[in-house]
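Work through the exercises below with the sequence and the structure at hand. Each task is followed by a solution in steps.

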Amino acid sequence: MQPLQLLLCIGLGGRAGAPVATRLRRVASAGLAPGRAMTTYRTEERGQPPSPGYRLFFKNEAGHYISPFHDIPLKVDSTQNLFNMVVEVPRWTNAKMEIATQEPLNPIKQDIKDGKLRYVANIFPHKGYIWNYGALPQTWEDPHQKDKSTDCCGDDDPIDVCEIGSKVLPRGDVIRVKILGILALIDQGETDWKLIAINVNDPEASKFHDIDDVKKYKPGYLEATFNWFRFYKVPEGKPENQFAFNGEFKNKAFALEVVKSAHECWKALLMKKCDGGAINCTNVQVCDSPFHCTPEEARALVQSVPSSINKESNEEEQVWHFLGK
Ligand SMILES: *[C@@H]1O[C@H](CO)[C@@H](O)[C@H](O)[C@H]1NC(C)=O
């Protein structure tokens, strides 16, 4: 049986009488196959990649534009280890695509550095990113808050996720993942957590419960992941990255605490209870947030983005770096 739930917009402050936009959605009951989509999201491109003007906007089931950072719930189910993940970069690709945290409605765009579109290097034998890479919605690593365990502040972004399933997932996919563990990258003095997670729709997902299952069923993957993050900025002339805990991957329980804390920071951000700096908090579904806007206002924001058609070529994806050990 599938109970119907009336989903009011996500409330954070618990204030009664806040204006609410309502929509119906079906909630999966316990008997449903895991991975069965409950809410579907669509994406809409403005411009074409690769170009500085390219943007990928998100829409909900009702066809309203939403922010993938603020309007997609973090948790799929409050009792289970099931989280939504926004795919920014498909495995084996190089373009550094990411949620534009400083733009209204936070579309995905390609990062720009020194006026040039950014690509990660191929570090032999890896082609681009070695997982589907993305972020957990409704999380924020506060740059003014020191992490207890790493003694470093956050990197001002949603928490990054490395999805280790066998499928190559498209940019803009919103999938459900099981969190397995976490690596604490320290990038120029900032904590930049890297979650290890698996798509619940992966054929092998039922075998994965914690970080040790990755060691057991995908031997070498965590070592490759560690080395990937250690070296990935070396081709740009930067030093090797540092890690907290000697580069040890922490387990699921530890990872879930990190996620919980980043979710609290995000709530404070959306309720204007902390300094969000240049982060854009415009959202359509967090009704008690002072940054809440109507679907009509959201549409106008998207329509004001120019749709450029100037594509750039990229040769960097064909270059290989041999960094050895
Ligand atoms: C976000 O963008 C909107 C629309 O451009 C703007 O009105 C708002 O001030 C921006 N800042 C925040 C913190 O949301």
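**Exercise 1: A patch on the surface**

Task: Find which residues form a nonpolar patch on the surface, and place Phe 124 in the chain.

Solution. The model is a predicted one. Step 1: the nonpolar surface patch consists of Phe 124, Trp 320 and Phe 322, and together these have about 360 Å² of accessible area. Step 2: Phe 124 sits in the loop that runs between strand S11 (122–123) and strand S12 (132–135).

**Exercise 2: The ligand and its shell**

Task: List the residues around the ligand, sort them by character, and find the polar atoms that approach the ligand's oxygen atoms.

Solution. Step 1: around the ligand are Pro 104, Ile 279, Asn 280, Cys 281, Thr 282, Phe 291 and Leu 301. Step 2: this shell divides into five nonpolar residues, two polar ones and no charged ones. Step 3: in the side chain of Asn 280, an N or O atom is 2.2 Å from an oxygen atom of the ligand. A polar backbone atom of Cys 281 is 3.1 Å from an oxygen atom of the ligand. Step 4: the ligand taken alone exposes 360 Å², of which the protein buries 49%.

**Exercise 3: A residue in a loop**

Task: Decide whether Asn 283 is buried or exposed, and find what its side chain reaches.

Solution. Step 1: Asn 283 belongs to the loop between helix H3 (252–270) and helix H4 (295–303). Step 2: the relative accessible area of Asn 283 is 0%, so this residue is buried. Step 3: the side chain of Asn 283 reaches the backbone nitrogen of Gln 285 at 3.5 Å.

**Exercise 4: A covered helix**

Task: Find how many residues of helix H2 are buried.

Solution. Step 1: helix H2 spans residues 221–231 and is mostly covered, with eight of its 11 residues buried. Step 2: the buried residues of H2 include Tyr 221, Trp 228, Phe 229 and Phe 231. Leu 222, Ala 224, Thr 225 and Asn 227 are also among them.

**Exercise 5: Salt bridges**

Task: For the pairs Lys 96 and Glu 98, Asp 160 and Lys 194, and Glu 264 and Lys 267, give the distance and say how covered each partner is.

Solution. Step 1: side chains of opposite charge can pair when their charged atoms come close. The structure holds 16 salt bridges.

Step 2: Lys 96 and Glu 98 meet through their side chains at 2.8 Å, N to O. Buried means under 20% relative accessible area. Lys 96 has 15% relative accessibility and therefore counts as buried, while Glu 98, at 22%, counts as partly exposed.

Step 3: Asp 160 and Lys 194 form a salt bridge, also given as 2.8 Å from N to O. The pair links distant parts of the chain, since Asp 160 is in strand S14 (residues 160–163) and Lys 194 is in strand S16 (residues 190–199), 34 residues apart. Asp 160 counts as buried at 9% relative accessibility, and Lys 194 is buried with a relative accessible area of 2%.

Step 4: in the salt bridge between Glu 264 and Lys 267, the closest N and O atoms are 3.4 Å apart. Because they are three residues apart in helix H3, Glu 264 and Lys 267 are separated by about one helical turn. Glu 264 is partly exposed, with a relative accessible area of 44%, and Lys 267 is partly exposed at 26%.

Step 5: Asp 111, Lys 113, Arg 118, Glu 236 and Lys 238 are joined into one network by salt bridges that share partners.

Definitions and conventions:
Residues numbered from 1 in each chain as written. Predicted model: local features only at pLDDT ≥ 70, side-chain atom pairs only at ≥ 80, totals over all residues. Heavy atoms only, no water. Near = heavy atom within 4 Å. Polar contact = N/O pair within 3.5 Å; in protein donor to acceptor, adjacent residues only side chain to side chain. Areas by Shrake-Rupley, 256 points an atom, 1.4 Å probe, with all protein chains shown as cover. Nonpolar A, V, L, I, M, F, W, Y, C, P; charged D, E, K, R; others polar. Patch = residues over 30% accessible without salt bridge, like charges linked within 9 Å, V, L, I, M, F, W, Y side chains within 5 Å. Salt bridge = Lys/Arg side-chain N within 4 Å of Asp/Glu carboxyl O. Helix = DSSP H or I, 4+ residues; strand = E, 2+ residues; numbered from the N terminus. Buried < 20%, exposed > 50% of the residue type's maximum accessible area, 1.4 Å probe, protein only.
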